[in-house]
Each structure stands twice: as structure tokens, then as C-alpha cells.
Amino acid sequence: MRTPDGKECKYFYGNYYRGQSHEECRLVEGTSEEEEWNATLCSTCPVPAILRANACPTMELHAEIKPRFLVFGKEMKISAFCTKSKQIVKEPEIGCGQCHPLPSIFFDSDED
Ligand code: SF4
């Protein structure tokens, strides 16, 4: 579903039927962050971009709502974990590299 600012996110749910205005983020559903969440966080959330870049089914995303650095307001901080390689994914847009290793042309030939 599209977030209020038009980005596709599989975790967003909005019910506007017959004047209702119920919105939720299913990434924080059931966590301690759920109470703090509101749809304005979607505008700076990195999850839609992560999902566009990496659709790996074994990567789990986790969200925390934190104060923004040097600016008022809050933002979503996302961490990722691969259930297959059992490691933290440092760059969720790329993945952990186990299932989809980068081709050798991306490495220096001196490293061989
Ligand atoms: S806060 Fe992020 S993960 Fe949650 S619904 Fe909005 S864009 Fe999706």
C-alpha cells in the first residue's frame, strides 16, 4: 500500500473507508514502538527504498523510533538481520551477500 506521501511500502496500512482515517505500520505492530508511531514518520523512513532495492525473503527488518539528529522530530531507525546467514545486514539495500554475491568485476584484480 502507498504511504501518505506516495511511496509503496508493504508495512503500511491505511483504512479511509467512509471517512475513517486509521493508519498503521505493521513493521512496528506489536512492539514497544507501536504507540509512538504516526504516518508522518513515513516521509523520512528508509524502508520503501530498502524494499525497492532488496526483496530478499530471508532478510528481516527491525525498526526503532529515535529522535532526529540536530533536527526536531523523530525518525525510523532500521536494522536488518538475515535468517539464512544468521548475521546482521550492515547495508539492507545490498543484503548480506550470501545469496547474491557481487560479480568479480566489482573487486580489484589485485585481491585474487
Ligand atoms: S514508517 Fe516506514 S515501514 Fe512503517 S509504514 Fe511508513 S514507510 Fe513503511
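**Strand pairing, chain dimensions and ligand shell**

In this predicted model, strand 3 (residues 59-67) and strand 4 (residues 74-82) pair in the antiparallel sense over nine bridges. Strands here are DSSP runs of E of at least two residues, and helices are runs of H or I of at least four, numbered from the N terminus. Pairing requires at least two DSSP bridges between two strands. Ala63 has Ile78 in strand 4 as its bridge partner. Six residues separate strand 3 from strand 4 in a hairpin. In the turn, Leu70 has a positive phi of about 65°.

Residues are numbered from 1 along each chain as its sequence is written. Local features need pLDDT of at least 70, side-chain atom pairs count only at pLDDT 80 or more, and totals for chains, interfaces and linings use all residues.

The protein chain has one helix and five strands. Their order along the sequence is β-β-α-β-β-β. The C-alpha trace spans about 60 × 35 × 25 Å along its principal axes. Buried residues (20 or more other C-beta atoms, placed from the backbone, within 10 Å of their own) make up 20% of the 112 residues. Of the contacts (C-beta atoms, placed from the backbone, within 7 Å) between residues at least 6 apart in sequence, 46% join residues at least 24 apart.

The ligand is surrounded by residues including Cys9, Tyr11, Phe12, Cys25, Cys42 and Cys45. A residue counts as near the ligand if its C-beta atom, placed from the backbone, lies within 6 Å. The shell holds eleven nonpolar residues, one polar and no charged. Nonpolar covers Ala, Val, Leu, Ile, Met, Phe, Trp, Tyr, Cys and Pro; charged covers Asp, Glu, Lys and Arg; the others, Gly among them, are polar.

Note on methods. A residue is buried if 20 or more other C-beta atoms lie within 10 Å of its own, exposed if 12 or fewer, and partly exposed in between; C-beta atoms are placed from the backbone. Two residues are in contact if their C-beta atoms, placed from the backbone, lie within 7 Å.
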